[in-house]
Each structure stands twice: as structure tokens, then as C-alpha cells.
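Student: I would like to work through this model with you, one question at a time. Could we take each answer step by step?

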Amino acid sequence: MAWDEWEQLKAESATGGAPHMQLNQLDPGSGPVRPAPDPAAYGDLRVGQADLANIGTHAFDLYTDLWNKGRRAVPISESAAAKLTSGGFALGGALQHVALRWDEQLGSLRDACAHISNHMSITKRLHAGDDHYIRRQMSSIDLLDAGFDERVGEPGAPNPVYDEKDEKKGKKD
């Protein structure tokens, strides 16, 4: 904000005129309201093992780079903090605090990268097992529903779903 604009706003405020200022938002009355996009329009999310492995590899690379490059600043900052503190400068304690916080945050970030890397390596395998389990459960429910559905055959006649099972076992009516 320019100095002249600031002086103008102060003058308006002193005379009782309220300056209008709007921060970090759009005027609620401006523009059309857009509906949220329909998620079904985009289809299903599909991820392959190669995609997950690629994400895991990038997370591991970031983990390694954070240790090799991000950690370099800590010993230098700690040394400078010690020299400033021994010289009687209050800035030494502040720099020591910053170096400590940097090291803590770097550790948290590295832990998160390691977690992502490890998780991506097993996610596809675990979810594939879940998908197979769900398919098996759903197919057995369909078979059960067909067995109780009276519309499958004539009223009073044996249900053909059970006849198929009996034929597979070698039993005959």
C-alpha cells in the first residue's frame, strides 16, 4: 500500500467514513456459484504396482537427499551459535534454537518420507488381496440370492441352482 493511500484511509477513518478493505477472500456476491464437479464423471482411480513403486522410489530418494543435503546446515549453525554465545551475543541462543528446530523438523520429514516409501511397496499387494476377498464374498451372496429367488423356476418345481450343484457332486433326484 502506498503512503498516500494510507494517509487517505486514515483521514476517512477520522471523519467517520469507514474504509472498506477485504482480505484473502472473494466478495460473496460476485460471480456465479459453480456446483462442485461430479466425481463419477471422472471414473475410477486405478493404480498399478509400477505407479506405487515409482512413488515409493521418489520418497526414498527424497529421504536420502534430506539426510545428505538438509543435515549440512545443522553442524555449521550449531558451531556459529556456540561462537556467538561465547562472544556474549544473544543471537547465539536464538541460532541454537533454530538449528535444533531445523534438526527436529528434518527428522519428522525424513520419517514421513520413509513411511511413504515403505507403505507404497506393500499397498498394491494388500489391496489386491482385499479385492479378491470382496469378489469371493459378493459371488457367494449372488449364488445364495439365486437359491432363494422364487422367480428362478416354476412354483413348486426344484430350483435349478441346487440341481446344478447336485449334478456336480454326482447326485441325482
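Student: How many aromatic pairs does the structure hold?
Tutor: This is a predicted model, and side-chain atom pairs count only at pLDDT 80 or more. Under that condition, the number of aromatic pairs in the structure is one.

Student: Which residues form that aromatic pair, and is it stacked or edge-to-face?
Tutor: A pair of aromatic rings is described by the distance of the centres and the angle of the planes. Here the centres are 6.2 Å apart and the planes make an angle of 20 degrees. Planes under 30 degrees apart count as stacked, so the pair formed by Phe60 and Tyr63 is stacked.

Student: Where do Phe60 and Tyr63 lie, and are they separated by about one helical turn or by something else?
Tutor: Phe60 is partly exposed at 46% relative accessibility, and Tyr63 is partly exposed as well, at 25%. Both belong to helix H2, and because they are three residues apart there, their separation is about one helical turn.

Student: Which residue has its charged end over the ring of Tyr63, and at what distance from the centre?
Tutor: Tyr63, which also takes part in the aromatic pair with Phe60, has a charged group over its ring. The residue is Arg110, and its charged end sits 4.0 Å from the ring centre.

Student: What does helix H2 reach from its first C-alpha to its last?
Tutor: Helix H2 runs over residues 49–70 and has 22 residues, for which 32 Å is expected at 1.5 Å a residue. The span in the model is close to that expectation, at 30 Å.

Student: Why do the buried residues of H2 lie on the same side of the helix?
Tutor: The buried residues in H2 are Leu52, Gly56, Ala59, Leu66 and Gly70. They lie on the same side of H2 because the arc they cover around the axis is only 105 degrees. The face turned away from this buried side carries the exposed residues Ala50, His58 and Lys69.

Student: How many salt bridges does a search of the whole structure find, and which of them links distant parts of the chain?
Tutor: Side chains of opposite charge can pair when their charged atoms come close. The search finds two salt bridges. In one of them, Asp103 lies in helix H4 (residues 91–148), while Arg71 is in the loop between H2 and helix H3, 32 residues apart. With their closest N and O atoms 3.4 Å apart, the salt bridge in question is that of Asp103 with Arg71.

Student: Which residue forms a salt bridge with Arg101?
Tutor: Arg101 and its partner both lie in helix H4, three residues apart, which is about one turn of the helix. Arg101 is partly exposed at 39% relative accessibility, and the partner is partly exposed at 37%. The closest N and O atoms are 2.8 Å apart, and the partner is Glu104.

Student: Which element of the protein chain has the highest mean pLDDT, and which the lowest?
Tutor: The chain comes to five helices and zero strands, and its mean pLDDT is 75, with 61% of its residues reaching 70 or more. The highest mean among the elements, 90, belongs to H3, and the lowest, 56, to helix H5.

Student: How far apart are the end C-alpha atoms of H3?
Tutor: H3 has 14 residues, which should span 20 Å at 1.5 Å a residue. The model agrees with this, the distance between the end C-alpha atoms being 20 Å.

Methods
Residues are numbered from 1 along each chain as its sequence is written. Side-chain values use heavy atoms; hydrogens and water are left out. Helices (H or I, at least four residues) and strands (E, at least two) are DSSP runs, numbered from the N terminus. The expected span of a helix is 1.5 Å times one less than its number of residues. Buried means under 20% relative accessible area, exposed over 50%, partly exposed in between (1.4 Å probe, protein chains only). The arc is that of the directions from the helix axis to the C-beta atoms. A salt bridge is a side-chain nitrogen of Lys or Arg within 4 Å of a carboxyl oxygen of Asp or Glu. pLDDT is the predictor's confidence in each residue, from 0 to 100. Rings of Phe, Tyr and Trp (its six-membered ring) pair if their centres lie within 6.5 Å; planes under 30 degrees apart count as stacked, over 60 as edge-to-face and the rest as tilted. A charge sits over a ring if NZ of Lys or CZ of Arg is within 6 Å of the ring centre and within 35 degrees of the ring normal.
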